[in-house]
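Biologist: I have a sequence and a model on my screen. Can you teach me to read the features one by one?

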Amino acid sequence: MKISIIGSGAMGSLFGGMLSRAGHEVVLYDVFREHVEAIRHDGLAIEQAGYSEVLTCRPSATTDPADTRDSDVLIVFVKSTATEAVAAQFAPLAGPGTIALTLQNGLGNEAILRKHFGAERTAAGVTSQGATFLGPGRIRHAGKGPTHLGMASGSHRRLVALATALAQAGFETHVEADVAGLVWSKLVINVGINALTALVGRENGRLLDLEETRSLMADLVAEAVAVAKARGIALSYADPFATVCEVAKKTGANRSSMLQDFDRGRATEIDFINGAIVREAAALGIPVPVNAAVTRLVKALDRFHAEKQGT
Ligand code: KPL
């Protein structure tokens, strides 16, 4: 299989690197030239959390979109803020049977891919794998967990082949029928954790320490669940708040992806997380005041960070 990774940061490099070790033709695409050059020159080094062994893989790496032409699968791992641009750029290079798969955080990426690739060639999924970017050509595989993939329409043949390839690469992978349920179940977790950690500037686990942050988490999650229910979405867990608390505890030492965006002065995915709840709620006439306030606060800080960066 030819598998191209669009957005080869920590997670994209982890998936691409391990797939190439399993013998697949992998193209890692990224705009970060030093990372691409380091992989071309020395290979991609993957440190294993808790082990001294470092795996070195040799996928191809490129800054040229044309190198992804006629891939069997494109796995999109860019920040959600860049999905629209990359979908427009890569769709003309895809073949009639290419599948574009989003494994990104948030709600809205699948709809963007569908717009550019068509529903028959679009797939979505969620993963509990964790990876940290250590520097050009080097990442750490920080945590393992299952990956779930699904397609709302079209043939599942290539998706099943990808799931087999991922399993060969060491990733526990399941193909599911209910894609919306998968995406929303992950979304509710990100809604409860990401923006709050960014606003208070603390790791995930610290949200559980204070009544103020715990109750805000509970409100954010309850609003998101009300919207999911109104949309007829079946979440994959029975007690959403307990699940979000469990994830915050399990990933207690993590700086969430949104907090890391703040750390780097980079635009956040707020429009695809709490902002997506606000949009969906407005369409259904459901009040979500806490998500609305948190979205506005993060957007204001995004603007101030952009001002500081001069962008
Ligand atoms: O997905 C995450 C993120 O940071 O985006 C969580 C689950 C909150 C882990 O940090």
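Modeller: We will go through the sheet, the helices, the salt bridges and a few single residues. Keep in mind that this is a predicted model.

Biologist: Start with the sheet. What is the order of the strands in the open sheet of eight strands?

Modeller: The order reads 5-2-1-6-7-8-11-12, and the pairing is mixed. The edges belong to strand 5 (60-62) and strand 12 (173-176). Each has a single partner strand, so one of its sides has no neighbour in the sheet. From one strand to the next, the twist averages 25°.

Biologist: Which helices pack on the sheet?

Modeller: Helix 1 (residues 10-21) is one of them. Helix 1 touches strand 1 (2-6), strand 2 (25-29), strand 6, strand 8 (122-127) and strand 11 (147-150). The direction of helix 1 makes about 160° with that of strand 2. Helix 2 (residues 33-42) packs on the sheet too, touching strand 2 and strand 5. Its angle is taken with strand 5 and comes to about 155°.

Biologist: Now one pair of strands. How many bridges join strand 6 to strand 7?

Modeller: A general idea on strands comes before the case. In a regular strand, side chains alternate between the two faces of the sheet. Here, strand 6 (residues 73-76) and strand 7 (residues 99-102) run parallel and are joined by four bridges. Take Ile-75 as an example: its bridge partner in strand 7 is Leu-101.

Biologist: Do strand 9 and strand 10 run parallel or antiparallel?

Modeller: Antiparallel. Five bridges join strand 9 (residues 130-135) to strand 10 (residues 138-143). Gly-130 stands opposite Gly-143 of strand 10. The two strands form a hairpin with two residues between them. In that hairpin, Gly-137 has a positive phi near 80°.

Biologist: On to helix packing. What is the angle between helix 6 and helix 8?

Modeller: Two packed helices are described by the angle between their axes and the distance between the axes. For helix 6 (residues 179-200) and helix 8 (residues 240-250), the angle is about 65° and the axes are 9 Å apart. The crossing is right-handed.

Biologist: Which residues make the contact?

Modeller: Helix 6 supplies Val-188, Ile-189, Gly-192 and Ile-193. Helix 8 supplies Pro-240, Thr-243, Val-244, Val-247 and Ala-248. Seven of the contact residues are nonpolar, two are polar and none is charged.

Biologist: So where do charges come in? How many salt bridges does the structure hold?

Modeller: Side chains of opposite charge can pair when their charged atoms come close. This structure holds 14 salt bridges. In one of them, Arg-40 pairs with Glu-37, with the closest N and O atoms 3.9 Å apart. Both lie in helix 2, three residues apart, so about one helical turn separates them. Arg-40 is partly exposed, at 49% relative accessible area. Glu-37 is also partly exposed, at 37%.

Biologist: Which parts does the salt bridge of Lys-299 with Asp-271 tie together?

Modeller: The closest N and O atoms of Lys-299 and Asp-271 are 2.6 Å apart. Lys-299 sits in helix 11 (residues 289-309), and Asp-271 in the loop between helix 9 (257-264) and helix 10 (274-284). The pair therefore ties together parts 28 residues apart in sequence. Lys-299 is partly exposed at 34%, and Asp-271 is partly exposed at 32%.

Biologist: Is Asp-261 buried or exposed?

Modeller: Buried, with 0% relative accessibility. Asp-261 forms a salt bridge with Arg-266, at 2.7 Å from N to O. Arg-266 is partly exposed, at 33%. Both belong to a network of salt bridges that also links Lys-79 and Glu-269.

Biologist: Last, single residues. Where is Leu-113 found?

Modeller: In helix 4 (residues 109-117). Leu-113 is buried, at 0% relative accessible area. Beyond its neighbours up to four places away in sequence, its contacts include Val-76, Ala-100, Leu-101 and Ala-123.

Biologist: And where is Asn-105 found?

Modeller: In the loop between strand 7 and helix 4. Asn-105 has a relative accessible area of 17%, so it counts as buried, the cut-off being under 20%. Leaving aside neighbours within four places in sequence, Asn-105 contacts Ser-80, Lys-186, Asn-190, Asn-194, Ser-257 and Glu-269. Glu-269 also appears in the salt-bridge network.

Technical notes: Residues numbered from 1 in each chain as written. Predicted model: local features only at pLDDT ≥ 70, side-chain atom pairs only at ≥ 80, totals over all residues. Heavy atoms only, no water. Pairing = 2+ DSSP bridges. Axes fitted to C-alpha atoms, helices over the stretch in contact; angles between N-to-C directions. Contact = heavy atoms within 4.5 Å. Salt bridge = Lys/Arg side-chain N within 4 Å of Asp/Glu carboxyl O. Buried < 20%, exposed > 50% of the residue type's maximum accessible area, 1.4 Å probe, protein only. Left-handed = near helix turned anticlockwise from the far one by under 90°. Nonpolar A, V, L, I, M, F, W, Y, C, P; charged D, E, K, R; others polar.
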